[in-house]
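Student: Please take me up close to the place where the ligand sits. I'd also like to know how the part around it is built.

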Amino acid sequence: VRTSTLTADAVERGAFRHFMAKEIHEQPAAIAETLEGRVSDDRILPEALGPDASRLLADVRRVQIVACGTSYHAGLVARYWFESIAGLPCDVEVASEFRYRAHVVAPDTLFVTLSQSGETADTLAALREAKTLGYRATLAICNVPESSLVRESDRVMMTRAGPEIGVASTKAFTTQLTALLLTVIAAGRAHQLGRDEEARLVRALRQIPRQIETVLGLEPRIETLAEAFIDKHHTLFLGRGTQYPVAMEGALKLKEISYIHAEAYPAGELKHGPLALVDADMPVVTAAPNNDLVEKLKSNLQEVRARGGRLYVFADPAAAPAASDDCQVIALPSVDEAVAPLLYSVPLQLLAYHVAVL
Ligand code: F6R
């Protein structure tokens, strides 16, 4: 018997109309909790991933991530991070596919599962399968300490998001991203990441709770935007780089709770077919952080406008396209490119929530 230390606040709605709204607003505090005790001013603390994690990470040559749904989208963001920051090849697969096919496992591959609940049957089965396949070690990034996934993995990093009661995953996603970026930085340190780069990334992570607070302050504006979606039957989400899985997550949130069909595409794929669907009845939502892909994204947005599409762009003010009748621009705080997926997920959650309420 284990007595829960949860307070009543953690499982009550308080002043919020729905648990989803409460959990969206809990993200700054939840992310700060994920970081607590794991970073100093500008370094990852060595014990963040458990005893002798540095030796294990130095041995690792590849990463395989397995998860479902929203957790899978967090894995897709992490693939960009593992390859660009840590220099480690990374594959990501949905658990219901991974568990039913044959595998060739390269030596010294780290097997990572992501799960809010730690009880998702396919993810658990994939972990059990992986344990027979010769992976170097298994790591679970999970929110429930008593879960099967945590008990059965070699190593764990708890996301510490607190109970997630709303059916649509929100704070579980951004805390998974936080835990993943910590893992990537720790792995990077064991491989190719310089001290200055580590300091830059840790500082960017430490600022993110405050920047998400600023985004939450945009809620009245997003609530007004949501009105444009309620009579629509289809929505398209576009993104490039790490914003492509963020777009996938935005589309999943919208379809799951508003029952409006939503699809995500890498913006550069638009011209290879789906552009044919775009017209004034299909809103197109995208994120435009200030990075080296933004000019390419803007030319994709021109293609949408040429088809009479209506654009809703969450953007860094320094990179935003010009606002016009057919292009609404919502400015978000400027952030380091690495942490942009955390920040840009939040307005998409708010949009899905308000469309559903309306
Ligand atoms: C979407 C959502 C689901 C879960 C998925 C995996 O909002 O909640 O897609 O992300 O069922 O669940 P966990 O993370 O508990 O393994």
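Tutor: We'll start at the ligand and then move on to the sheets. One thing first: this is a predicted model, where local features need pLDDT of at least 70 and side-chain atom pairs count only at pLDDT 80 or more, while totals for chains, interfaces and linings use all residues. Residues are numbered from 1 along each chain as its sequence is written, and side-chain values use heavy atoms, without hydrogens or water.

Now zoom in on the ligand. Its surroundings are made up of 14 residues (each with a heavy atom within 4 Å), and the closest are Ser 71, Ser 115, Ser 117, Thr 120 and Glu 256. Look for its oxygen atoms next, and for polar contacts (N or O pairs within 3.5 Å). One ligand oxygen is 2.5 Å from an N or O atom in the side chain of Thr 120. With Thr 70, a polar backbone atom is what counts, 3.1 Å from a ligand oxygen. Ser 169 also brings in a polar backbone atom, 2.9 Å from an oxygen of the ligand. On its own, the ligand has 410 Å² of accessible area (Shrake-Rupley, 1.4 Å probe), and the protein covers 80% of that. The elements giving two or more residues to this shell are helix H4 (69–86) and helix H11. Sorting the shell by type, you get four nonpolar residues, eight polar ones and two charged ones (Asp, Glu, Lys and Arg are charged; Ala, Val, Leu, Ile, Met, Phe, Trp, Tyr, Cys and Pro nonpolar; the rest polar).

Follow H11 out of the shell. This helix covers residues 243–258 and lies across strands S6, S7 and S8 (284–288), at about 175° to S7. (Helices are DSSP runs of at least four residues, strands of at least two; contact means heavy atoms within 4.5 Å; angles, 0 to 180 degrees, are between fitted C-alpha axes.) Those strands belong to an open, parallel sheet of five, in the order S7-S6-S8-S9-S10. S7 (261–266) and S10 (327–331) are the edge strands with a single partner each, so one side of each has no neighbour in the sheet. On average, neighbouring strands here are turned by 20° against each other, ignoring direction. S6 (234–239) runs parallel to S7, joined by six bridges (pairing takes at least two). Within that pair, Phe 237 stands opposite Ala 264. Another helix, H12 (294–306), lies across S6, S8, S9 (311–315) and S10, at about 165° to S8.

There's also an open sheet of five parallel strands in the order S2-S1-S3-S4-S5. At its edges stand S2 (90–94) and S5 (155–158), each with a single partner, so each has one side without a neighbour in the sheet. The twist averages 20° from one strand to the next. Five bridges join S1 (62–67) to S2, and Ala 67 stands opposite Val 94. Helix H6 (121–130) packs on this sheet, touching S1, S3 (109–115) and S4 (137–142), at about 165° to S3. Helix H8 (171–190) packs there too, touching S3, S4 and S5, and makes about 145° with S4.

Terms used:
A polar contact is a pair of N or O atoms within 3.5 Å; within protein, one must be able to donate a hydrogen and the other to accept it, and residues adjacent in sequence count only if both atoms are side-chain atoms.
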